[in-house]
Amino acid sequence: MKFLGRARETVENVGKGGGEDIGDGNKIKDAIGYSDKKRKIALQMGIDPYTTNTVLQKQLDDVAWASWAGGFTFSVATLPISGAAGAVLTVANVNSTVEDLLREKSPSELEQINRATFRAMGASASDAERILNGGAFTPTQVTTFAVHLKALKSVANRGAFVKAAAQKSTTEADALFCVYTAALMDQINQKTPMARIVMLRAFPICVAKEGTIIVALQWDYAAWTSGAAAFTDEVQKFAGKSGQGAHVTVDLSGDVSPRLREELEKRGITVQDRLVLGPLK
């Protein structure tokens, strides 16, 4: 609902305690190769190298130092965290391009690449800086967000999504919403080519080249609530203004409740769910 304009409008700089390697990182560690070793170990585990989980950062530091300085051979079985894959923030929706960037580029290099990507799609310098250094996004999340939006090559108005992400994201949950939504848009665009992104308040709505209104929504489990009803009304009003009553489809990453599916379908809205592998079985 924050992205629909129902939350505070102020943008806060949220400090994140993710260890000294978040952001520009420690230059000495970069120079001696430690940071590179740590990134590669984290990615081998499917973990965000820049996770804000301070306990996990300490464990990654211990393993990375042992591997780099002590000649310790790392394997998944030796990570000193029980059930690590299920207990930590994993790198979600990371394709090979993102993984290569995270493995081979330092945080400062990622920042330069991502800044150029956002600016090339029409984002202002101030909005790009808010995403890069505002505290809500880790370098991994910024990179994933940038790569998925860049993949929407011919989709107009991507800069508007960047602006909303910059001005509305104050927590890591907000950042993840943006990352997953951009990844879902990228996935949908490969099957249903999109023409442009239109902002419904601060919420990104996609318009396909053939006219369908696509609501790509990152949500683990979507239920029919007063908020969902109000949002549906907004979308239908928008569709009604888009010509000959454009068809609407709601594409969710997670599950749709039976009631939500019923309410949407009786309004003529197509519903697709479980489009992204998530936490719910």
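Arg115 counts as partly exposed in this predicted model, its relative accessibility being 25%. The side chain of Arg115 meets that of Glu111 in a salt bridge, with 2.7 Å between N and O. Glu111, by contrast, is buried, and its relative accessible area is 18%. The value for Glu111 leads to the term "buried" because the cut-off for that term is under 20%. A value of 25% belongs to the partly exposed class because that class lies between the cut-offs of 20% and 50%.

The positions of the two partners along the chain help to explain their pairing. Glu111 and Arg115 both belong to helix H6, which covers residues 107–120. They are four residues apart there, so about one helical turn separates them. In general terms, side chains of opposite charge can pair when their charged atoms come close.

A second pair can be read in the same manner. Where do Glu263 and Arg259 lie with respect to each other? Both are in helix H12 (residues 258–265), and because they are four residues apart, the separation is about one helical turn. Their side chains form a salt bridge with an N to O distance of 2.8 Å. Glu263 is buried, with a relative accessible area of 6%, whereas Arg259 is partly exposed at 45% relative accessibility.

Glu263 also has another partner. Lys266 forms a salt bridge with Glu263, and the closest N and O atoms of this pair are 3.3 Å apart. This distance qualifies because a salt bridge requires the nitrogen to be within 4 Å of the carboxyl oxygen. Is Lys266 buried or exposed? Lys266 is exposed, having a relative accessible area of 58%. Salt bridges link Lys266, Glu263 and Arg259 into a network that also includes Arg267.

These pairs may now be placed within the whole chain. The structure holds 13 salt bridges, among them the one between Glu111 and Arg115 and the one between Glu263 and Arg259. The chain contains 12 helices and seven strands. Of its 281 residues, 47% are buried, and Glu111 and Glu263 are among the buried residues.

Contacts and surface complete the account. Where contacts in the chain join residues at least 6 apart in sequence, 68% of them are between residues at least 24 apart. The surface that the chain exposes amounts to about 13200 Å². Carbon and sulfur atoms supply 52% of this exposed area.

Methods. Residues numbered from 1 in each chain as written. Predicted model: local features only at pLDDT ≥ 70, side-chain atom pairs only at ≥ 80, totals over all residues. Heavy atoms only, no water. Helix = DSSP H or I, 4+ residues; strand = E, 2+ residues; numbered from the N terminus. Buried < 20%, exposed > 50% of the residue type's maximum accessible area, 1.4 Å probe, protein only. Contact = heavy atoms within 4.5 Å. Areas by Shrake-Rupley, 256 points an atom, 1.4 Å probe, with all protein chains shown as cover.
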